[in-house]
Amino acid sequence: MSHPLLPAVVELVARAGAAILPYWRTGVRVTEKADASPVTAADLAAHQVLAEGLLALDASIPVLSEEAADIALDERAGWTRWWLVDPLDGTKEFIADSEEFTVNVALIERGRVVFGVVGIPANGRCYYGGAGLGAWCAEASGARRAITVRATPATGLTVVASRRHGSPEQERLLAALQARCGVLQRISVGSSLKFCQLAEGSADCYPRLAPTSQWDTAAAQGVLEGAGGVVLTLQGEPLSYEARESLLNPFFLALPAAAEWRSTLLEQAQRLG
């Protein structure tokens with residue numbers, strides 16, 4: 001099953017990635033936004049491609065982008081369907097010359113992710129999918145493969161974490177999970193690629209008990225849900241994107257929907273919450 005807008009968005013994400021690459025590893029100038037987060041000309045170039053391209057694709061669907069997020073709640077509250085966009089997720093990784101930065105676009109309908117597209121400009125790979133649609137990884141060569149979360153491995157869980165952002169609460173959760181489930185293997189990945197690691201079966205859990213914004217998570221959540229995963233709040237509810245004053249997410253847990261250790265993780269998380 002597919003969605004009529006999905007192929008065009010995959011192509012648009014590739015175009016945005018191409019707009020980023022001329023700035024990569026060139027000592028691009030970094031400025032600071034009001035919230036002290038970094039922004040570069042690459043962020044703005046990708047935003048321009050996506051904003052114009054999504055408007056051309058369907059002018060009736062508004063766009064909420066990290067680089068144009070100053071839209072009043074009164075206006076957003078009237079939206080039933082919108083694009084949620086991070087033109088360059090992992091700007092700090094981009095500035096550090098890492099390959100772990102992505103272009104993220106999600107279609108949201110009534111607060112839920114319909115589908116998401118996550119492009120990796122550095123290698124041309126693209127992940128895309130949505131709940132009920134399936135999930136895929138496409139290579140720069142054009143080859144693509146269906147992806148799915150994995151069953152619990154016999155040798156213990158692999159937990160993926162942010163390369164730059166953690167918290168004491170997150171460390172306590174991981175310690176509690178290790179006490180219940182055995183030694184955890186931990187890997188660090190930047191940007192929305194953490195969700196993609198789960199979606200393709202390279203990792204088992206991504207707990208995030210540190211701040212994120214809606215555009216950081218929505219696209220990759222779509223991929224993970226298409227691959228058989230879920231993203232839950234610490235109360236066990238699906239992470240959703242209804243219009244609200246703050247564009248920050250609550251803390252969340254990403255994991256396979258059918259994980260046998262799901263209840264254990266939630267129990268430990270709720271003790272911290």
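Two strands are said to pair if DSSP finds at least two bridges between them, and this is the term to keep in mind while touring what is a predicted model.

**The whole chain**

Begin with the entire chain selected and shown as a cartoon, where the secondary structure comes to eight helices and 14 strands. The radius of gyration is 18 Å, close to the 19 Å that the globule rule gives for 273 residues, so the chain is as compact as a globular protein of that length. If you turn the view along the principal axes, the C-alpha atoms fill a box of roughly 50 × 40 × 40 Å.

Next, colour the residues by accessibility: of the 273 residues in the chain, 55% are buried, while the surface that the chain exposes amounts to about 11,600 Å², with carbon and sulfur atoms supplying 51% of it. For the charges, select the 23 positive and the 30 negative ones as two groups, whose mean positions are 5 Å apart. Contacts also reach across the sequence, since among those between residues at least 6 apart, 64% join residues at least 24 apart.

**Strand 5 and its partners**

Now select residues 102-109, which form strand 5; seven of its eight residues are buried, so this strand is largely enclosed by the rest of the structure.

Add residues 81-89, which are strand 4, and you will find that strand 4 and strand 5 pair in the antiparallel sense over seven bridges. To see one position in this pairing, show L84, which stands opposite A106 of strand 5.

Then add residues 112-120, or strand 6, which runs antiparallel to strand 5 and is joined to it by seven bridges. Here I108 has V113 in strand 6 as its bridge partner. Following the chain from strand 5 into strand 6 takes you through a hairpin with two residues between the strands, and R110 in that turn has a positive phi of about 50 degrees.

**A stop at V117**

Finally, stay in strand 6 and select V117. Is V117 buried or exposed? Its relative accessibility is 0%, and because buried means under 20%, V117 counts as buried.

Which residues is V117 in contact with, leaving aside its neighbours within four places in sequence? Show L6, V9, V10 and V13, then V103, N104 and V105, and then C126, Y127, Y128 and A219, and you have the residues in contact with V117. As a last step, draw a distance between the C-alpha atoms of V117 and T102, which are 15 residues apart along the chain and separated by 9.8 Å.

Definitions and conventions
Residues numbered from 1 in each chain as written. Predicted model: local features only at pLDDT ≥ 70, side-chain atom pairs only at ≥ 80, totals over all residues. Heavy atoms only, no water. Helix = DSSP H or I, 4+ residues; strand = E, 2+ residues; numbered from the N terminus. Rg over C-alpha atoms; globule rule 2.2 N^0.38 Å. Buried < 20%, exposed > 50% of the residue type's maximum accessible area, 1.4 Å probe, protein only. Contact = heavy atoms within 4.5 Å. Areas by Shrake-Rupley, 256 points an atom, 1.4 Å probe, with all protein chains shown as cover. Lys, Arg positive; Asp, Glu negative; His and termini not counted. Charge placed at Lys NZ, Arg CZ, Asp CG, Glu CD.
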